[in-house]
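Colleague: Could you take me through this model step by step, explaining each term as it comes up?

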Amino acid sequence: MLRPWTFQIQFERDSKKAIYLQITDYIIDLIKNGTLKSGDTLPSSRLLALDLGINRNTVIKALDILISEGWLYSEERKGLFVSANLPAKERSRYKKDIQKSILQNQEKESVIIFDSGLPDTQIAPMRELASAYRQIFNRKARINPMLNRSEFGALRFRESVSRMLNQTRGMHTDYSEICITRGSQMALFLIAHALLNKGDLILVENPGYGPAWETFRHAGAELIPISVDEKGIDVEEIERTASTQQIKAVYITPHHQYPTTVIMSLDRRLRLIELSNLYGFTIIEDDYDCDFHFGLRPIAPLSSLDGANDTIYIGTFSKMISESLRVGYLVANNDIIQKVGNLRRIIDLQGDNIMEQAILELIESGVIKKHIRKASKYYLHKRNYFISLISKYLSDKVTYKEPEGGLAFWLKLRNKQDINKLNQALKLRGVSIIPWTNYSFDNKIDGIRLGYASLSESQLEKGIEILSKVIR
């Protein structure tokens, strides 16, 4: 049975035709020219998304159209197959209706999306990952996956993550202190419910990472915002707060602070460790995009510094490879790890053992290291190009500090402007930016975060040009 695991689709990112329609037409052409025949099996939406390096929802949308038009049919527990009775006039009419609807609504939808700083999946080693995943899946398919399950993740993968952290980030970890998660958001959830009790006080950066705040609130904690400046979180404000109230934890993103991208200064890092030891609070360090740094070397994690006795470290492979790859990890003391494992066992008994081993294969073969080296040069070029666009279109309207790493900029508006109205004005012109509610306790902010990595150069220029017409 033919299984077309590899699709050679060259997406036209600047085309008016949506990506899911490009996939739809490509598969239709394969059927029409006989490459795919009646009864042939297609890969699952997940494998197809990995192979193409795009979001799984985009693939599902394309497959739904193909099923609706009659090109494919689905059998429960078996998969997707090419139909025996292929459509003719019905397919043509349905396709034209879809395309007409897309064109009519195109002006209402965001054409250019400035995300929070997602990687460019076009340069990610998705083909190598998909190949490794298939090979491992074929080897493991006949083995009961529950026999080697672990709530902490595959042992060899944890050992590999430990070596990576020790060798590249100056940490002193052991595999027993590591738990693998389905992305950093799951890590945050597990930490919040293992560490925090109802009514506990946790200090967070403001502006900061909104999804983390929601997680802490869900665990029953009360949040106290601490301001951020050009040196990172204000440790003097932390000291004043901790000296009068019992603080359970402080949540920080010190490497490239979210959303401002500033790097927390060494003196503040050291002082925060002193305060943690003095007042007995835990430091939760979210190192969400440490892999791409444009200086001589990335700043060492706070968790690697001498005296850092009560820290929890969070990392992810999503920024390293692709946002659709939900594999992260956390590092903590054995007590926290055991509590996290007990929670993980309840919500996700087995984890994604095959994906963990696929990533492990890419690490051990050197693919990941080579990709990071190549991607860092690519993103440095794109960052510099983005700087040239700011100089060309926004020099009189914004100020910024050149980010030393990461995949986003923080632009501070020279003139005060209602961020909500700014967002609405941009949407009308086909540009989407992150809502202020994602990173601020209130609307008293003077900046916007723009991810530049996932957009093409033409999209970046068009988006910045539109911004220049909306920002006062």
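The questions below go from the whole chain to single residues, and then to cores, strands and spaces.

Modeller: This is a predicted model, in which local features need pLDDT of at least 70 and side-chain atom pairs count only at pLDDT 80 or more, while totals for chains, interfaces and linings use all residues. Residues are numbered from 1 along each chain as its sequence is written, and side-chain values use heavy atoms, with hydrogens and water left out.

Colleague: How many helices and strands does the protein chain have?

Modeller: Helices (H or I, at least four residues) and strands (E, at least two) are DSSP runs, and they are numbered from the N terminus. Counted in this way, the protein chain has 15 helices and 16 strands.

Colleague: What percentage of the 472 residues of the protein chain count as buried?

Modeller: A residue is called buried under 20% relative accessible area, exposed over 50%, and partly exposed in between, using a 1.4 Å probe and protein chains only. By that rule, the share of the 472 residues that count as buried is 54%.

Colleague: Is His256 buried or exposed?

Modeller: His256 is placed in the loop between strand S9 (247-252) and helix H10 (266-279). Leaving aside neighbours within four places in sequence, His256 is in contact (heavy atoms within 4.5 Å) with residues including Thr261, Tyr288, Phe292 and Glu404. Because its relative accessibility is 2%, His256 counts as buried.

Colleague: Which residue in the loop between S9 and H10 has a positive phi?

Modeller: Most residues other than glycine have a negative phi, and most peptide bonds are trans. In the loop between S9 and H10 lies Pro259, and the peptide bond from Tyr258 to Pro259 is cis, with omega near 10°. Another residue of the loop between S9 and H10 has a phi near 70°, a positive value in a residue other than glycine, and this residue is Thr261.

Colleague: Which element gives the largest share of the largest nonpolar core?

Modeller: A nonpolar core is a set of buried Ala, Val, Leu, Ile, Met, Phe, Trp, Tyr and Cys residues joined through side-chain atoms within 4.5 Å. The largest one has 42 residues, and among those that touch the most other members are Phe114, Phe386 and Leu450. The elements that give two or more residues to this core include helix H13 (367-393), strand S14 (408-413) and strand S16 (447-451). The largest share, eight residues, comes from H13.

Colleague: Why is strand S6 (residues 201-206) largely enclosed by the rest of the structure?

Modeller: S6 pairs with strand S7 (residues 222-229) in the parallel sense over six bridges, where pairing requires that DSSP finds at least two bridges between two strands. In this pairing, Val204 stands opposite Pro225 in S7. S6 is largely enclosed because, of its six residues, the number buried is five.

Colleague: In what order do the three strands of the open antiparallel sheet lie?

Modeller: Strands of a sheet pair through backbone hydrogen bonds, either parallel or antiparallel. Two bridges join S13 to S14, and Thr399 stands opposite Lys412 in S14. The edge strands are strand S13 (398-399) and S16, each of which pairs on one side only. The order is therefore S13-S14-S16.

Colleague: What is the volume of the largest cavity?

Modeller: On a 1 Å grid over the protein atoms alone, a cavity is a set of points where a 1.4 Å probe fits but cannot get out, whereas a pocket is an open set with protein on both sides within 12 Å along at least five of seven lines, and lining residues have an atom within 4 Å of a point. Grid points are joined across faces, edges and corners, and a volume is the space filled by probe spheres set on the points. A search of the whole structure finds three cavities of 30 Å³ or more, and the largest cavity, lined by residues including Thr261, Val262 and Glu404, has a volume of about 70 Å³.

Colleague: How much space lies in the second largest pocket?

Modeller: The second largest pocket is lined by 28 residues, and among the closest to its centre are Met164, Arg169 and Ile372. Helix H6 (155-168), helix H12 (353-364) and H13 each give two or more residues to this lining. The space in this pocket is about 830 Å³.
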